[in-house]
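Let's take a friendly walk through the aromatic side chains of this model. Have the viewer ready, and follow along ring by ring.

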Amino acid sequence: MNVKGKLILSMLVISTVIVVFWEYINSPEGSFLWIYHSKSPALGDSGSQQGWWFPSWFNNRTQDYQEEEEDTNKEKEEEEELQLSDWFNPEKRPEVLTVTGWKAPIVWEGTYDRAILENYYSKQKITVGLTVFAIGRYIEHYLEEFLTSANRHFMIGHRVIFYIMMDDVSRLPLIELGPLRSFKVFEVKPEKRWQDISMMRMKTIAEHIVAHIQHEVDFLFCMDVDQVFQDTFGVETLGQSVAQLQAWFYKADPIEFTYERRMESSAFIPYGQGDFYYHAAIFGGTPVQVLNITQECFKGILQDKKNDIEAKWHDESHLNKYFLLNKPTKILSPEYCWDYHIGLPSDIKTVKISWQTKEYNLVRNNI
């Protein structure tokens, strides 16, 4: 074969490899893992992370994906907006509270029509993000089971990005992802106290939303790692701003809520005020709304530090103050985050996520 023939043959082989690779990464089976060494992305600078496993040109595919999605944005806007009455029937669960005083739905098993929701969101071609933090001994105790169960039950049939924040990415468990799923793993700075880890996640989530998440997903959930998915956590949970009822307080009188009661704290809620007690183990919404939640909570945390005070339940206290002032547009029943130590009352039809055993003496570096 002459030189010209070899050149043509080489070009054909290279073109074929590129086409096959491109088709694969754009297929449902094309799940990939990104690992970033950057400890904290600079606000507004999505290029500040350094990829560990793939060259920089590969990471640029995120931008290509965004450009492709821009073409579908107009179609999304043209879709007839889904009305609450189309998919939600509060009368299906008369024994529990299903609508708030500000007319937001409280989603219980049996109140929603998943088929209608799936039909709507499938046309929207949504991407849903899920952030989770695993620091220190939380990695070996909880992360693998959390990710394995999330892979099985979280937003099945829709594109999902798991954002995993770890202080040691080398300890990431190996998990085979299902279709339409991918990981993005980020190294974060460990804190000396678990209280600071809990509170600093608000800052970290906000930074990542600004840097890249806002361009990658339509909805975002933030969850604690010490819990396990038990059943489908689906599109009925999606909303502008989503709060989770705390399992131990969903039937309690508001005077029993463990809000921050000291006036010196930014999280202060006086007796006589408050709608529900919300669990910081799960919250979510659109990226813009989650950004506002995390930024405002972190502002409160910083203000407390200046005043030499720490809220009773740390970031959860600030989250409850936020939702008091900025009512969530959707609330998830305790079925979505249940503690089996309570038992299993008749109210709880299907447990979506359950608490893991809280082995604080093993996983926390200061008690």
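A good place to begin is Arg261, which lies over the face of Tyr271, 3.9 Å from the ring centre. Keep in mind as you look that this is a predicted model. A second charge over a ring can be found at Trp102, where the charged end of Lys327 sits 5.2 Å from the ring centre.

Now turn from charges to rings that meet other rings. The structure holds 24 aromatic pairs. One of them joins Phe154 and Phe162: their ring centres are 6.5 Å apart and their planes make 45 degrees, so this pair is tilted. The angle falls in the range left between stacked, under 30 degrees, and edge-to-face, over 60. Phe154 counts as buried because its relative accessibility is 0%, and Phe162 counts as buried at 1%.

For another geometry, look at Tyr278 and Phe323. Here the ring centres are 5.2 Å apart and the planes stand at 65 degrees, so the pair is edge-to-face. Tyr278 belongs to strand E9 (residues 278-285), while Phe323 belongs to helix H9 (residues 315-325), so the contact ties together parts that are 45 residues apart in sequence. Are these two residues buried or exposed? Both Tyr278 and Phe323 are buried.

Finally, go back to Phe154 and Phe162 and widen the view. These two belong to one aromatic cluster, together with Phe146, Phe183, Phe221, Phe229, Phe233 and Tyr336. Selecting this group of side chains is a nice way to end the tour.

How values were computed: Residues numbered from 1 in each chain as written. Predicted model: local features only at pLDDT ≥ 70, side-chain atom pairs only at ≥ 80, totals over all residues. Heavy atoms only, no water. Phe/Tyr/Trp six-rings, centres within 6.5 Å; stacked < 30°, edge-to-face > 60°. Buried < 20%, exposed > 50% of the residue type's maximum accessible area, 1.4 Å probe, protein only. Helix = DSSP H or I, 4+ residues; strand = E, 2+ residues; numbered from the N terminus. Lys NZ or Arg CZ within 6 Å of the ring centre and 35° of its normal.
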